[in-house]
Amino acid sequence: MKRKPSTEATSAWIRLMRVQSRVLDCVEQDLKKAGFPPLAWYDALLELSRAPSGELRPVELERQMLIPQYSTSRLIDRLVDEGLASRRECKIDKRGQFVEITEAGRELQKRMWGAYSAAIEKYVGSKLSDADAVKLSGLLDRLGCSCGEMKLPPVANVNESTPPR
């Protein structure tokens with residue numbers, strides 16, 4: 001017989017979903033006010049910039065992004081249209097392709113980090129002590145592991161030039 005979630009677990013789930021949605025909305029608004037494109041653009045550019053030689057297959061990009069991106073191909077199209085990324089054919093597998101970040105994409109990602117990091121501080125950092133943030137990260141890691149995901153590596157000594165994962 002399957003166990004039903006407790007009232008406390010259900011309440012935690014509801015709060016987690018509501019807070020996640022509200023914080024993301026606030027971050028998106030702050031980026032928009034600063035004249036930047038949506039957070040998904042930053043996320044994609046960050047993952048491309050971290051990849052060896054600045055390129056990933058579209059399916060790898062989708063898998064690594066923090067924000068669910070159901071229309072990754074449209075996002076890639078927009079990045080390519082804006083000159084922030086380019087597509088290239090895979091030399092080994094002619095059917096496959098890679099998406100590669102351009103210098104303009106690297107520059108935009110770095111500029112966006114200023115507004116994004118300020119939003120992280122405003123909506124998360126200013127609300128939690130460092131000890132609380134570590135505790136919350138541990139709790140979220142436990143939830144992620146329960147879904148069959150690998151535990152994320154800890155983020156250490158983040159500074160303004162190195163955005164966290």
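**Close-up 1. The buried residues of α5 pack against α1, α2 and β3.** This is a predicted model, and here we zoom in on helix α5, residues 103-125. Its buried residues are G105, L108, Q109, M112, W113, A115, Y116, A119 and Y123. One of them, W113, also marks a kink: α5 bends there by about 30 degrees.

**Close-up 2. L31 and L79 sit at the heart of the contact list for the largest nonpolar core.** That core has 29 residues, and these two leucines have the most contacts inside it. At least two core residues come from each of α1, α2, α4, β3 and α5. Helix α2 is the top contributor, giving eight. Have a look around L31: leaving out residues up to four places away in sequence, L31 touches F36, P37, P38, L39, M112, A115 and Y116. Three of those names, M112, A115 and Y116, also turn up among the buried residues of α5.

**Close-up 3. D30 and K122 form a salt bridge between α1 and α5.** The N to O distance is 3.7 Å. D30 belongs to α1 and K122 to α5, so this pair ties together parts that are 92 residues apart in sequence. On the α1 side, D30 is buried, at 15% relative accessible area. K122 is partly exposed, at 43%.

**Close-up 4. Strand β2 takes part in two salt bridges, through R88 and through R87.** First up is R88 with E55, at 2.6 Å, N to O. This pair links β2 (residues 85-89) to β1 (residues 55-56), with R88 and E55 33 residues apart. R88 is partly exposed, with a relative accessible area of 27%, whereas E55 counts as buried at 14%. Next door in sequence, R87 meets D77 at 2.4 Å, N to O. Here the link runs from β2 to helix α4, with the two residues 10 places apart. Both ends are partly exposed: D77 at 34% and R87 at 35%. Counting the D30 and K122 pair too, the model has three salt bridges.

**Close-up 5. A nonpolar patch of about 690 Å² lies on the surface.** The residues making it are W13, I14, L16, M17, L136, L139, L140 and L143. Two helices, α1 (7-33) and α6 (130-146), each supply at least two of them. L140 is one to pick out: this α6 residue is partly exposed, with a relative accessible area of 39%. For contrast, nonpolar side chains in soluble globular proteins tend to be buried together.

Methods. Residues numbered from 1 in each chain as written. Predicted model: local features only at pLDDT ≥ 70, side-chain atom pairs only at ≥ 80, totals over all residues. Heavy atoms only, no water. Patch = residues over 30% accessible without salt bridge, like charges linked within 9 Å, V, L, I, M, F, W, Y side chains within 5 Å. Areas by Shrake-Rupley, 256 points an atom, 1.4 Å probe, with all protein chains shown as cover. Salt bridge = Lys/Arg side-chain N within 4 Å of Asp/Glu carboxyl O. Helix = DSSP H or I, 4+ residues; strand = E, 2+ residues; numbered from the N terminus. Buried < 20%, exposed > 50% of the residue type's maximum accessible area, 1.4 Å probe, protein only. Core = buried A, V, L, I, M, F, W, Y, C linked by side-chain atoms within 4.5 Å. Contact = heavy atoms within 4.5 Å. Bend = angle between axes of the 7 residues up to and from the residue.
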